[in-house]
Amino acid sequence: MLPEAEHSSLDPPQVLASAASGVVGLIERHGGDVDAIFGRAKIRMDDVEDPFNELSLRKYCQLFDEAARQTGNDNFGLHFGDQFQPRQLGAIGYAAISSPTLAAALRNMETYFPAHQGQTSFGLLRDGDILWLSYRIYDPRIENRRQDAELSLGMFRNILRNALGPDWAPLEVRFEHEREGNGDAHERTFGAPVRFGRRTNAIAFHRSSLDARMLDQDPYLFSVVEHFLKSRHGSRGDIGDFTTVVCNQIKLILGDTTPGQTEIARILGLTKSRFRRE
């Protein structure tokens, strides 16, 4: 994460338009005025039709804030994330579900997330045998983040469900924003205790879940989307290198032990030969 003083020199963060897939239909189902909502967010309707378009992350957050305000549904982002399927997320979603294991899926998302969305932290935090999938926009110029946080954790929960089953629920969910209302809708949606006013937005799950196989694993599809993400990797220059990701994942998964190459490759869902090439 960059020091606060450095943020002002950064270009405005972007997010791929695939993250808004289906928003028009949800606005209409909640009786909202699509044209008015997009107009106030200063986003053209055409901009969200191509998943490879880049949107201003600030305007993307404004879009969901405005949708919540205009439809009268304070939980608009929560409902959007709840019904959002991983494929709708575009390249980063396909990179996750086409991975062989949940460990590999999360490692790939951590590696390539900056190609999907800028100035955002995404990764795993370890607390004993519990892992927290953490997400937070760290650009202070984006102040209203509630809707984005709630829809994003819903999206990530559905990626975990690809490996852990459609009825899987996290151990706990945390949001950095304060509670608005009684929070019952959030606990019903996630099927788990929900805490507000925390340091980051996060989903908790058992570390043992990392061995679960992804339902839609597809090596060929992964190679295709990885090529696209790597092309953005080079153009953006803000993605951590493979060695750093591997070290972080080993620490998270295995603690202080020193595994061999075969064990590391298994955890990351790679063949031993591919692991050596990386």
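Q: How many of the 8 residues of S4 are buried?
A: In this predicted model, local features need pLDDT of at least 70 and side-chain atom pairs count only at pLDDT 80 or more, whereas totals for chains, interfaces and linings use all residues. Residues are numbered from 1 along each chain as its sequence is written, and side-chain values use heavy atoms, with hydrogens and water left out. S4 is a strand, here a DSSP run of E with at least two residues, while helices are runs of H or I with at least four, both numbered from the N terminus. Taking buried as under 20% relative accessible area, exposed as over 50% and partly exposed as in between (1.4 Å probe, protein chains only), S4 is mostly covered, and the number of its residues that are buried is 6.

Q: In which sense do S3 and S4 pair, and over how many bridges?
A: Two strands count as paired if DSSP finds at least two bridges between them. Within the pairing of S3 and S4, Leu 125 stands opposite Trp 132 in S4. The sense of this pairing is antiparallel, and the number of bridges is 8.

Q: Which residue in the turn of the hairpin formed by S3 and S4 has a positive phi?
A: The hairpin made by S3 and S4 leaves 2 residues between the strands. The positive phi in this turn is about 65°, and the residue that has it is Gly 128.

Q: What is the bridge partner of Tyr 135 in S7?
A: S4 also pairs with S7, in the antiparallel sense and over 6 bridges. On the S7 side, the residue bridged to Tyr 135 is Asn 201.

Q: Which residue in S7 is the bridge partner of Glu 172?
A: Strand S5, residues 172-174, and strand S7, residues 201-206, run antiparallel to one another and are joined over 3 bridges. For Glu 172, the bridge partner in S7 is Ala 204.

Q: What is the order of the 5 strands in the open sheet?
A: The pairing across this open sheet is mixed. Its edges are strand S3 (120-127) and strand S6 (194-195), each of which pairs on one side only. Read across the sheet, the order of the strands is S3-S4-S7-S5-S6.

Q: Which elements are among those that cover the buried residues of H4?
A: Helix H4 spans residues 76-83, and its buried residues are Phe 76, Gly 77, Leu 78, Phe 80 and Gly 81. What covers these buried residues includes helix H1 (23-29), helix H3 (57-71), H7 and helix H8 (184-190).

Q: Why does His 186 count as buried?
A: His 186 is found in helix H8. Not counting residues up to four places away in sequence, His 186 touches Asn 75, Leu 78, Arg 146, Glu 150, Phe 175, Val 194 and Phe 196, where touching is a contact of heavy atoms within 4.5 Å. His 186 counts as buried because its relative accessibility is 2%.

Q: What percentage of the residues in the protein chain is buried?
A: The protein chain has 12 helices and 7 strands. Out of the 278 residues in this chain, the buried share is 52%.

Q: Among contacts between residues at least 6 apart in sequence, what percentage joins residues at least 24 apart?
A: The contacts of the protein chain that enter this share are those between residues at least 6 apart in sequence. Within that set, the share joining residues at least 24 apart is 69%.
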